[in-house]
Amino acid sequence: MQNHIDRVLLGRGAISDRVRALGDELARDLTGELVKEGSPADATDRIVFVPVMTGALVFTADLIRHLPLPIAMRLVSVSSYPGAATQSKGATLKSYLSDDLAGRHVVIIDDILDTGETMRMLRGLVEDRRPASVRACVLLKKQLGKPAVAEAEHVGFEIPDEFVVGYGLDYDGHYRNLPDICVLKREAYEG
Ligand code: 5GP
Ligand code: MG
């Protein structure tokens with residue numbers, strides 16, 4: 001399996017530095033929201049993180065440890081790349097999305113923004129629950145020739161349009177535990 005890796009695109013050191021900076025950005029913006037509404041910085045029940053499983057697992061675990069604010073977590077599961085697919089098959093919600101988001105500041109966390117279908121679906125579902133604010137934070141964004149159908153306010157890295165694995169991202173269930181983000185060889189999925 002490991003010989004399907006073409007090269008390291010983002011090493012663990014670069015990822016770690018960028019995740020810390022994203023945590024600082026988010027903390028600053030969310031503190032701003034709390035100040036605006038007159039909530040104390042230590043108010044509980046104001047901020048809810050919605051990480052998209054399973055790809056955002058590792059990113060979320062690292063990111064939340066840079067946030068000095070009380071946050072609640074509501075995991076969701078979305079499938080767009082069933083099995084060995086490397087082209088999005090359209091996003092479907094595979095789990096329940098909590099209905100206690102009303103009036104709270106919601107941060108959707110995902111591993112990668114590609115077509116934006118996943119983000120568009122999730123933003124819609126979150127908006128339906130009448131949150132006080134919604135923002136999205138993705139570690140990676142693919143540089144496609146055209147705009148994505150939904151955006152993220154916080155982006156870790158813009159990357160070329162190649163299939164990547166590691167740091168939570170999988171190919172057919174493998175490679176999530178690689179500490180670096182790597183490009184998969186095309187022959188691994190192009191037969
Ligand atoms: P979108 O809905 O934006 O097209 O795709 C987003 C989802 O597709 C991401 O949450 C991620 O799970 C998956 N995805 C998109 N590009 C890649 C990639 O290069 N590698 C992996 N492993 N998953 C990807
Ligand atoms: Mg995903």
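**Strand pairing and burial in the predicted model**

Strands β6 and β7, the latter formed by residues 133-142, run parallel and are joined by eight bridges. The structure described here is a predicted model. Within this pairing, Val 106 lies opposite Val 134 of β7. Strand β6 itself comprises residues 105-113, and nine of its nine residues are buried, so that the strand is mostly covered. A further parallel pairing links β6 to strand β2 (residues 47-53), in this case over five bridges. There, Ile 47 has His 105 of β6 as its bridge partner. Strand β6 thus takes part in parallel pairings with β7 and with β2. In general, the strands of a sheet pair through backbone hydrogen bonds, in either a parallel or an antiparallel sense.

A second arrangement is an open sheet of three strands, in which the order is β1-β10-β9 and the pairing is antiparallel. Its edge strands are β1 (5-10) and β9 (164-165), each of which pairs on one side only. The pairing of β9 with strand β10, which covers residues 181-184, is antiparallel and extends over two bridges. In this pair, Val 165 is matched with Cys 182 of β10 as its bridge partner.

These strands belong to a protein with four helices and ten strands. Along the sequence, the elements follow the pattern β-α-β-α-β-β-β-β-α-β-β-β-β-α. The radius of gyration is 17 Å, close to the 16 Å that the globule rule gives for 191 residues, so the protein is as compact as a globular protein of that length. The C-alpha trace spans about 55 × 35 × 30 Å along the principal axes of the protein. Of the contacts with a separation of 6 or more, 66% are accounted for by residues 24 or more positions apart.

With regard to solvent exposure, 48% of the 191 residues count as buried. The accessible surface amounts to about 9100 Å², and carbon and sulfur atoms contribute 49% of this area. The protein carries 23 positive and 28 negative charges, whose mean positions are 1 Å apart.

Two valine residues illustrate the surroundings of individual strand positions. Val 50 is located in strand β2, and its relative accessible area is 0%; because buried residues are those under 20%, Val 50 falls into that class. Beyond its neighbours within four places in sequence, Val 50 is in contact with Arg 74, Val 76, Leu 97, Val 106, Val 107, Ile 108 and Ile 109. Among these partners is Val 106, the residue that stands opposite Val 134 in β7. Val 50 and Leu 30 are 20 residues apart in sequence, and their C-alpha atoms are 14 Å apart in space.

Val 78, in turn, is found in strand β4, which consists of residues 76-79. The relative accessibility of Val 78 is 13%, and this residue therefore also counts as buried under the 20% limit. When residues up to four places away in sequence are not counted, Val 78 touches Val 52, Met 53, Ala 91, Thr 92, Leu 93, Lys 94, Thr 118, Met 121 and Leu 122. For one of these contacts, that with Val 52, the C-alpha atoms are separated by 6.5 Å although the two residues are 26 residues apart along the chain.

How values were computed: Residues numbered from 1 in each chain as written. Chains lettered and ligands numbered in written order. Predicted model: local features only at pLDDT ≥ 70, side-chain atom pairs only at ≥ 80, totals over all residues. Heavy atoms only, no water. Rg over C-alpha atoms; globule rule 2.2 N^0.38 Å. Buried < 20%, exposed > 50% of the residue type's maximum accessible area, 1.4 Å probe, protein only. Contact = heavy atoms within 4.5 Å. Areas by Shrake-Rupley, 256 points an atom, 1.4 Å probe, with all protein chains shown as cover. Lys, Arg positive; Asp, Glu negative; His and termini not counted. Charge placed at Lys NZ, Arg CZ, Asp CG, Glu CD. Pairing = 2+ DSSP bridges.
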